[in-house]
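These are my notes on the model, set out point by point for a colleague who has it open alongside.

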Amino acid sequence: MSSVAEKLAGKSNRKPPAKQVRLRLVYIDFWSAVKLSFLVAVCLAVVNIVASFLVFTIVQSTGLFENLNSLVQDVAGAGTDLRSILSIGNVMGFAIVVSLLNLVVTTALGAVVAVLYNLSVKITGGILVGFTNS
């Protein structure tokens, strides 16, 4: 025979059945969506700038610019020099400008998506999401 303590210990080891909850997403806060899209855009801007620098450094160290410059001089004439156009300052300046434009566009798109979703909820009723407590 087993004791009462062993019976209670055996009962506590059993997992209760997982409770399922179904929730409906019916509203996205506008300012939360703008802040989140801004942070995502900042992360993408940093990745873009670092990747541009790394690609420029790798391409320059492999000698691809010299080969391309000699090809352009053979085709276009001796007065053309790509090294002055494709300098590290110009490339990084272009990467920063593109990153800033991307930041503005991504933030605006996050706001537009939040507004469009909030308007579409009135028609569709929102997104049904299921959760379990495991």
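**Notes on the predicted model**

1. W31 has a relative accessibility of 57% and therefore counts as exposed, since the cut-off for that class is over 50%. The model in which this value was computed is a predicted one, and the points below should be read with that in mind.

2. The ring of W31 is paired with that of F30 in an edge-to-face arrangement, the centres being 5.1 Å apart and the planes standing at 80° to each other. The count of aromatic pairs in the protein comes to one. What is the relative accessibility of F30? The value is 29%, so F30 counts as partly exposed, whereas W31 is classed as exposed.

3. As to the overall fold, the secondary structure consists of five helices and two strands, and their order along the sequence is α-β-α-α-α-α-β. Among the contacts that join residues at least 6 apart in sequence, 80% are between residues at least 24 apart.

4. Turning to burial, the protein has 134 residues, of which 18% count as buried. The exposed area of the protein is about 10300 Å², and carbon and sulfur atoms supply 71% of that area.

5. Which residues make up the nonpolar patch on the surface? The patch is formed by V21, L23, L25, I127, V129 and F131, which together have about 470 Å² of accessible area. Strand β1, covering residues 19-25, and strand β2, covering residues 127-133, each supply at least two residues of this patch.

6. V21, one of the residues of that patch, lies in strand β1. With a relative accessible area of 32%, V21 is partly exposed; membership of a patch requires over 30%, so this value satisfies that part of the rule.

7. The unreviewed UniProt entry carries the annotation "transmembrane region" for residues 36-59 and 91-117, and it is worth setting that record beside the model. In the model, residues 36-59 are 100% helix and 0% strand, with the end C-alpha atoms of the span 34 Å apart. Residues 91-117 are likewise 100% helix and 0% strand, and here the distance between the end C-alpha atoms is 38 Å.

Technical notes. Residues numbered from 1 in each chain as written. Predicted model: local features only at pLDDT ≥ 70, side-chain atom pairs only at ≥ 80, totals over all residues. Heavy atoms only, no water. Helix = DSSP H or I, 4+ residues; strand = E, 2+ residues; numbered from the N terminus. Buried < 20%, exposed > 50% of the residue type's maximum accessible area, 1.4 Å probe, protein only. Contact = heavy atoms within 4.5 Å. Areas by Shrake-Rupley, 256 points an atom, 1.4 Å probe, with all protein chains shown as cover. Phe/Tyr/Trp six-rings, centres within 6.5 Å; stacked < 30°, edge-to-face > 60°. Patch = residues over 30% accessible without salt bridge, like charges linked within 9 Å, V, L, I, M, F, W, Y side chains within 5 Å. Salt bridge = Lys/Arg side-chain N within 4 Å of Asp/Glu carboxyl O. UniProt positions renumbered as here; feature names shortened; annotations may be inferred.
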